[in-house]
Amino acid sequence: MNQETETRLKNKKKKELKKWNIRMIYTFEVIAAVLFVLGLLIPLRPASSELEKRKLAEFPSMSLSGIWDGSFFNDVSTWYSDTYPFREAFLSMGSGIESLYGLHTQEIYGNTNHVADEIPDSPTQPAPVKTVTPKPEQEVTATPEPQTPGNQTSDTSATPAPETPEQNADENLPDGTIHATPEVAGTVYIADNKGFEIYYFNRGGADAYASMINTVRASLDSDVNVYDMLTPTNFSVCLDETIQSDLGGSSVRDAFNYINGMLDPSVIQIPVLDTLIDHNAEYIYYNTDHHWTALGAYYAYLEFCEAKGFTPHELSDFTEVQYPGFLGTFYSYSNQSEALANNPDTVYGYIPMGTNDETVTDADGSTYELNVVNDMSNSSAGSKYSAFLGGDQALTEIHNPNITDGSSILLVKESYGNAFAPFLVDHYQNVYIVDYRYYTGSLIDFIESKNIKDVLFLNNSDALSEANSETMLNLFY
């Protein structure tokens with residue numbers, strides 16, 4: 001090939017490459033224009049996200065001050081991106097594309113600047129009791145929304161933490177502890193295709209919780225039993241303690257010991273941490289969600305039965321239902337992590353034998369009928385945990401027609417209590433369930449009017465904040 005021919009071929013390739021680049025630019029501009037127009041289509045914009053369980057940003061009100069300081073335009077930008085049509089599908093697509101960049105066995109999402117309080121040595125005296133004056137009965141009204149992952153606050157005034165006690169593991173059970181080494185610290189840690197919310201001890205929250213329990217104990221008649229079930233999340237049950245520390249998290253064992261050491265001796269403590277650790281090779285927590293499964297709640301129920309003197313039922317005594325395809329809070333919080341998308345959950349439910357009927361009073365005071373374990377076969381992927389009690393309700397009442405001894409229990413809980421509540425149904429004539437985040441009114445009056453003799457507080461470790469404890473305490477004023 002002579003030089004002239006070679007030059008001619010090079011020029012031809014350059015022209016073809018230039019045409020290709022021009023086509024790509026035009027294609028990109030067309031796609032960008034289509035996406036821009038799509039983003040302007042108001043009718044297609046969603047108002048809420050079922051997956052993220054929240055309302056999306058609303059178009060801001062225009063004001064001269066907002067235009068002057070630029071906040072109006074920032075809010076418009078937030079609204080535009082938050083309500084973009086098919087936003088969740090694009091997020092999922094983006095997560096899938098990111099997964100092609102390489103193998104990611106560990107991921108961190110959320111605030112990486114959390115600093116946990118040090119856990120003091122076990123106290124030598126109970127937490128203080130506040131003065132409580134019963135208030136007039138009120139209608140049930142809406143209350144602030146519950147916390148989302150990663151919004152705990154921290155108080156730095158504390159003393160050094162004690163050494164971690166030995167775990168009472170059953171050597172005959174398989175070990176499901178994950179021993180991966182974390183790379184960075186954060187709020188939601190993903191390893192082994194599972195999500196974990198990092199636990200940060202908050203001393204103010206711990207002190208307030210113990211004081212709240214003691215105040216309730218002092219406010220009730222002596223013939224009313226007060227039970228407290230502090231519940232760990234999977235972070236404290238399924239991850240090696242070294243990993244928990246390396247991630248900047250706190251020892252939930254030390255935290256629970258500290259809180260329990262401040263409780264009045266008459267408060268009946270239901271320890272579940274070691275039981276759950278013993279069974280951590282089983283499906284006791286969801287992969288994509290921060291809740292425990294019905295199996296995890298069942299093991300806690302066994303501990304409650306032991307403390308109460310009940311003979312527990314076997315899981316085989318119940319009718320089991322299954323709702324596959326659950327993608328929970330960790331999945332939405334992690335921008336739809338591909339690792340979690342590839343490891344979806346199945347919600348198992350166990351229908352009580354005595355009754356599956358319940359009466360719900362919503363946050364706005366309306367009353368309607370639901371099931372204790374609801375059929376979620378056709379529900380969206382993000383809402384299947386609502387199989388239990390129909391989700392978080394201000395007040396739920398369950399009356400078992402097979403029991404006529406007048407026995408009643410009040411369960412004061414956040415969403416962890418939902419999967420636990422069905423196991424109470426076959427031991428009491430009346431089961432009353434209050435979600436403290438939505439219920440208002442006097443529980444002192446409620447307990448007296450319903451002749452309730454058992455009150456059980458069930459809260460997971462991430463719910464131990466000053467704000468939550470104050471909200472619960474206000475129900476007893």
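Author: pLDDT is the predictor's confidence in each residue, from 0 to 100. This is a predicted model: local features need pLDDT of at least 70, side-chain atom pairs count only at pLDDT 80 or more, and totals for chains, interfaces and linings use all residues. Residues are numbered from 1 along each chain as its sequence is written, and side-chain values use heavy atoms, without hydrogens and water.

Reader: What is the mean pLDDT of the chain?
Author: 71% of the residues reach 70 or more. The chain mean is 81.

Reader: How many contacts beyond four places in sequence does the model have for residues 179-186?
Author: Contact means heavy atoms within 4.5 Å. Over residues 137-170 pLDDT stays under 50, with 83 such contacts. Where pLDDT is low, predicted coordinates should not be read in detail. Residues 179-186 also stay under 50, and their count is 25.

Reader: Which helix gives the most to the largest nonpolar core?
Author: A nonpolar core joins buried Ala, Val, Leu, Ile, Met, Phe, Trp, Tyr and Cys residues through side-chain atoms within 4.5 Å. The largest has 104 residues, with Met229, Trp292 and Phe457 among those with the most contacts inside it. Nine of its residues come from one helix (a DSSP run of H or I, at least four residues, numbered from the N terminus), residues 294-308: helix 10.

Reader: How many residues has the other core?
Author: This core lies apart from the largest one. Ile190, Leu327, Phe330 and Leu340 are among its members. Its residue count is seven.

Reader: What is the relative accessible area of Met24?
Author: Met24 lies in helix 1, residues 3-39. Buried means under 20% relative accessible area, exposed over 50%, partly exposed in between (1.4 Å probe, protein chains only). Met24 is partly exposed because its value is 42%.

Terms used: Helix = DSSP H or I, 4+ residues; strand = E, 2+ residues; numbered from the N terminus.
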